[in-house]
Amino acid sequence: MPAQLSKFVLNASCKDYCHPWTNSCFTATTGLGLHALQESLRIYSTVYLVALLLRGKFPSRKDVRKTFTDTLQSVAFLSWSAFSYPMFICFLRRLLRNFNFLTVSFLPSFLSSLTAIFVERPSRRTLLCLYVSNIATETLFRMGQARGYYSSIPRGDTYIFSTSVALLLYYFRSKSNKHDSVYKIFRFVIGKYEGIDYIKKNTLQSPTLKCSTDESNMRSSKKKNKKPKKSLKKNIFLKSLATYKKIIENLKDLGKHASCPHSHSCLRYTLVGGMKCFSYGLSVQLGLNLVLQFQKILKRPQSIKSIMFKRSNLNLAVFLGGFSGLYKLLSCSLRRLFQKDSSHYAFPAGFISGLAFMSYGGNTIALYFMWKALQLLWNDLVEKQIVPEVKWFVIFLYCFSTAVLFHVAIIEPQNLRPSYWKFLCNISGDRIANMSRIPIDQFGLETSKHLEKVLVRTNTSNKRAYIF
């Protein structure tokens, strides 16, 4: 820690640090609050409208009313969080008659988050906590790395993802949860057959699972006796489709182990599952690239070829297809090896299949799964009465994580994730960048110099003028 941090107290006024564009604390707070209200209304109206449309059915009057009220509540939450942040900075300055290392940002942000989180719906608090904790974890790691406490581990995000997804898949195999978002992801990627809900239902309906190879062979032999239509011989496309169907039917008839919960052969289960996820990943990546590069395509239509055939378009497809295929292959192999099914197979199968993440990578996804795994682990330990239940833990973690992010945005913005810095600039109208770092340079962290580099790197500005 720099020796200058011994200069704990800053003898600066609110205007010198918090709002150099105006003399009035009330005016500065009101200006930020009004701008945050506009931005939060734009953000949440879009989010909730898209969520309403993605339901796939015509919304009822009740759905529209609920969407409207939820939007207003989330807008109030984010607006109050932004409005109260400078309010608490100035309040603590007047109360203590000076600033210090904690009151320049950390403590005001903690208090503003604490008052704002109670405005938001309880059902969204855990999701918000996971989001900010994700970014705060990465930020704290960057801070320690910048200070030389440790160095980064090559492919560290892959190891975090693999370990986390192994634990999550174990709970997917052993504990029922129909509403958790991560369970919905697993049902989509690896299918319903590996989930505890399907396994329980199938066990109740058929206590003794039998291999239906003979029946499937009889079924396939009947299909083979059917004469192909004449049009199939003339049409290449239909002939190719018939060949594909024949291959799939043959794969179905190879048989499966008695302990496997899926319907057809293990080989078909593995290959088709991997191919489906590969195609989904490729379609999503191509779609995103075309949408993001739409203006470029309009200006230069010939660029569509280079956009479509970029090698990086395969990254998401390889990850999803590899993850799904490897997990199913390993699960079936373990069932055949030990002659029984077990939820504990999710640990080795999940960890090894999670290594496919190295083809895609990303700290955001890895840390999300890490925090989700820790959440389910903690809930499980509470249910088993191994650890006590801490009722306010989610709220405290949210407030602490948000305080870390705001504090780093002020003190050492170079260690903050660029996307989150841009979010803070957008929601505050660049006021977070306009707050003067000159008094804070007293702490010896060269804040002003690092801020200039961040502004250039993120294409943001600290030169805006404000009416209030």
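Let's start with Thr 22, which, leaving aside its neighbours within four places in sequence, is in contact with Lys 15, Thr 27 and Ala 28. You'll find Thr 22 in the loop between helix H1 (14–17) and helix H2 (25–53). Is Thr 22 buried or exposed? Its relative accessibility is 13%, so it counts as buried, since anything under 20% gets that label. The side chain of Thr 22 also reaches the backbone nitrogen of Ser 24, at 3.3 Å. Keep in mind that what you're looking at is a predicted model.

Now zoom out to the whole chain. There are 21 helices in it, along with two strands. Of its 468 residues, 45% are buried. Take the contacts between residues at least 6 apart in sequence: 72% of them join residues at least 24 apart. As for the outside, the accessible surface comes to about 26,300 Å², and carbon and sulfur atoms account for 64% of that.

Part of that outside is worth a stop. Phe 8, Val 9, Leu 102 and Leu 107 make up a nonpolar patch on the surface, and together they have about 300 Å² of accessible area. Phe 8 sits in the segment before strand E1 (9–10). With a relative accessibility of 37%, Phe 8 counts as partly exposed.

Next, have a look at helix H7, which covers residues 181–189. Which of its residues are buried? They include Val 182, Tyr 183, Phe 186 and Val 189. These four cover an arc of only 130° around the axis, so they end up on the same side of H7. And what do the buried residues of H7 pack against? Their partners are helix H6 (156–174), helix H12 (266–292), helix H15 (314–338) and helix H17 (363–383). Hold on to H6 and H15, as both names come back below.

The two ends of H7 have something to show as well. At the N-terminal end, Asp 180 acts as a cap: one of its side-chain oxygens lies 3.1 Å from the backbone nitrogen of Val 182. Just after H7 comes Gly 191, with a positive phi of about 90°.

That brings us to backbone angles. Most residues other than glycine have a negative phi. Arg 97 is not a glycine, and still has a positive phi of about 70°. Its place is the loop between helix H3 (61–96) and strand E2 (99–100). Arg 97 is exposed, with a relative accessible area of 69%. Gln 339 is another residue other than glycine with a positive value, its phi being near 60°. Look for Gln 339 in the loop between H15 and helix H16 (346–354). Gln 339 also counts as exposed, at 55% relative accessibility.

Let's finish with charges. Side chains of opposite charge can pair when their charged atoms come close. How many salt bridges does the structure hold? There are 17, and we can follow a few of them from partner to partner.

Begin with Glu 194 and Arg 173, whose side chains meet in a salt bridge at 3.5 Å, N to O. This pair links distant parts of the chain: Glu 194 belongs to the loop between H7 and helix H8 (196–205), while Arg 173 is in helix H6, 21 residues apart. Both Glu 194 and Arg 173 are buried.

Arg 173 has another partner, Asp 341, and their side chains form a salt bridge at 2.8 Å, N to O. Arg 173 lies in helix H6 and Asp 341 in the loop between H15 and H16, so this pair ties together parts that are 168 residues apart in sequence. Arg 173 counts as buried, at 3% relative accessibility, whereas Asp 341 is partly exposed, with a relative accessible area of 26%.

Glu 194 also has a salt bridge with Arg 335, at 3.1 Å, N to O. Here too distant parts of the chain are linked, with Glu 194 in the loop between H7 and H8 and Arg 335 in helix H15, 141 residues apart. Glu 194 and Arg 335 are both buried. Put the pieces together and you get one network: Arg 173, Glu 194, Arg 335 and Asp 341 are joined by salt bridges that share partners.

Notes: Residues are numbered from 1 along each chain as its sequence is written. This is a predicted model: local features need pLDDT of at least 70, side-chain atom pairs count only at pLDDT 80 or more; totals for chains, interfaces and linings use all residues. Side-chain values use heavy atoms; hydrogens and water are left out. Buried means under 20% relative accessible area, exposed over 50%, partly exposed in between (1.4 Å probe, protein chains only). Contact means heavy atoms within 4.5 Å. Accessible areas come from the Shrake-Rupley method with a 1.4 Å probe; for residues, only the protein chains shown count as cover. The arc is that of the directions from the helix axis to the C-beta atoms. A polar contact is a pair of N or O atoms within 3.5 Å; within protein, one must be able to donate a hydrogen and the other to accept it, and residues adjacent in sequence count only if both atoms are side-chain atoms. Patches are made of residues with over 30% relative accessible area and no salt bridge: like charges are joined within 9 Å, nonpolar side chains (Val, Leu, Ile, Met, Phe, Trp, Tyr) within 5 Å. A salt bridge is a side-chain nitrogen of Lys or Arg within 4 Å of a carboxyl oxygen of Asp or Glu.
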